[in-house]
Amino acid sequence: MSPRPSPSPRPGLFWLVTLVLLASGSPGSRESQLRIGKAINIFLRYGYLSISMRVIPSNDMAESERWVFKEPTKNVYKNLSGLAESHEDTTPGIFHGDFHMEFCENRRQLFQAYFRDFSIERMDKPWEAFTGGWFPENAAKKLGINTSFIQGDYSYVLVRVVRFRETGRLKSAIPVHQDVVPEVKTQIDQLEIGNLTSAMTFIENIGTHYVNSYTTGNSLYQVFVFSRRNYRMIKERIKSKGLNALSKLDLYNYFAPWFAEHLGQIRSASGNATVERWAKRKLQYEYYVIKYQTLLKIHGNSTLLRSLDQLLGNDAILQLDLKALNPVFREQPKKESWFHEVLDNNMKLWELNMPQSHPIR
């Protein structure tokens with residue numbers, strides 16, 4: 001068993017255990033609403049990107065809503081279809097996903113862990129683009145835990161089973177001379193070096209980044225809350241022995257109500273109520289008179305995986321890579337440099353200011 005790779009490694013922040021899961025299942029997919037190469041303005045909803053990207057359940061979301069990506073986008077280039085590729089993971093008999101644990105020293109690392117597969121170029125802390133608007137009560141609800149456990153001196157283990165459905169990406173770099181659409185060309189011509197207003201106008205009209213790659217599907221996750229002492233104990237035991245070396249009884253004991261301070265609810269990334277009801281029925285564990293739900297019941301259970309495979313659709317964004325919109329300026333390097341200066345300064349200001357107004361940072 002080896003650590004799961006991260007698109008933007010940050011050593012020492014949290015420790016991760018991953019297992020690849022295989023099971024038979026039936027295909028079922030829906031076209032993603034993401035578009036490779038399209039531009040978005042991250043400042044439009046910075047700190048609240050989850051409002052327009054289905055990445056974590058919204059507490060007031062109606063089950064009938066069927067969207068994955070609502071963020072306003074702009075076409076930038078002509079004829080990108082030859083550079084883009086996509087595929088769906090629907091091979092019979094294989095659960096295209098993984099089961100992993102992420103060990104988080106504190107709530108900040110918990111937020112980062114949840115969004116570890118979301119990358120925004122030139123941004124040091126991309127997870128804050130999603131969690132900047134998370135105050136204690138709604139943060140706890142999204143993560144499925146009680147509010148008192150998001151503010152205290154606790155550590156966390158995020159357990160997640162992910163089902164990948166559709167992947168899209170640019171298979172090569174955008175050529176320097178790739179034609180842009182007329183509106184973008186007009187905005188490039190109107191951008192003036194040293195003129196902040198013209199740079200911000202470009203950002204407002206076109207965007208800051210473009211979609212370089214994405215993966216959609218769905219996941220179930222559960223947050224386990226531990227005291228610092230018990231957290232260190234379980235982390236060192238699994239780190240030294242390996243997850244597979246633990247007996248099922250040991251595993252259940254470490255993630256049981258009598259060892260953890262709190263067991264979070266099992267949530268679906270898309271907020272799919274049908275999947276969450278299934279989890280409450282099928283993932284209940286009984287120890288004498290104590291009953292509780294645990295996502296660990298899926299670990300090594302091919303029957304549950306087959307059942308889950310049929311339920312987890314293409315309802316959420318699991319991975320997203322946004323690249324800065326600099327390729328459109330590559331024939332005019334001075335304008336590219338000015339755009340980057342404005343973009344970097346604004347992103348640093350957002351990242352500095354957002355935590356200052358956030359009481360749980």
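Buried here means under 20% relative accessible area. I wrote that cut-off down before anything else, as the burial calls below lean on it. I also noted that this is a predicted model.

**Entry 1: Lys235 and Glu105**

I looked up Lys235 and got a relative accessible area of 16%, so Lys235 goes down as buried. Its salt-bridge partner is Glu105, at 3.5 Å from N to O. Glu105 comes out at 27% relative accessibility and counts as partly exposed. Next I checked where the two sit: Lys235 is in helix α7 (residues 228–241), and Glu105 is in the loop between β4 (97–104) and α1. They are 130 residues apart in sequence, so this bridge ties together distant stretches of the chain.

**Entry 2: other salt bridges**

I counted salt bridges for the structure and got 16. Arg228 and Asp153 are one of the pairs, with the closest N and O atoms 2.6 Å apart. Arg228 belongs to helix α7 and Asp153 to the loop between α4 (148–151) and β6 (155–170), so the pair links parts 75 residues apart in sequence. Arg228 is partly exposed at 25%, and Asp153 is exposed at 56%.

I then pulled up Asp117 and Arg116, whose side chains meet at 4.0 Å, N to O. Asp117 is buried at 9%, and Arg116 is buried at 6%. Which residues make up the salt-bridge network around them? I found Glu102, Arg116, Asp117 and Arg160 linked in it.

**Entry 3: aromatic pairs**

I searched the whole structure for aromatic pairs and got 21. Tyr114 and Tyr221 are edge-to-face, with 5.2 Å between centres and 75° between planes. Tyr114 is in helix α1 (residues 107–114) and Tyr221 in strand β7 (residues 209–226), so this contact joins parts 107 residues apart in sequence. Both tyrosines are buried.

Phe226 and Phe255 were next: their ring centres are 5.7 Å apart and the planes are at 85°, so I logged the pair as edge-to-face. Phe226 is in strand β7, while Phe255 is in the loop between α8 (248–254) and β8 (262–263), 29 residues apart in sequence. Both Phe226 and Phe255 are buried.

I also looked for clusters. Phe111, Tyr114, Phe115, Phe118, Phe130, Trp134 and Tyr221 form one.

**Entry 4: charges over rings**

Which ring does the charged end of Arg160 sit over? I found that ring to be Tyr114, with the charged end 4.7 Å from its centre. Arg160 is also in the salt-bridge network from Entry 2, and Tyr114 is in the aromatic cluster from Entry 3. I noted a second case too: the charged end of Arg163 sits over the ring of Phe95, 5.9 Å from the centre.

Conventions:
Residues numbered from 1 in each chain as written. Predicted model: local features only at pLDDT ≥ 70, side-chain atom pairs only at ≥ 80, totals over all residues. Heavy atoms only, no water. Phe/Tyr/Trp six-rings, centres within 6.5 Å; stacked < 30°, edge-to-face > 60°. Helix = DSSP H or I, 4+ residues; strand = E, 2+ residues; numbered from the N terminus. Buried < 20%, exposed > 50% of the residue type's maximum accessible area, 1.4 Å probe, protein only. Lys NZ or Arg CZ within 6 Å of the ring centre and 35° of its normal.
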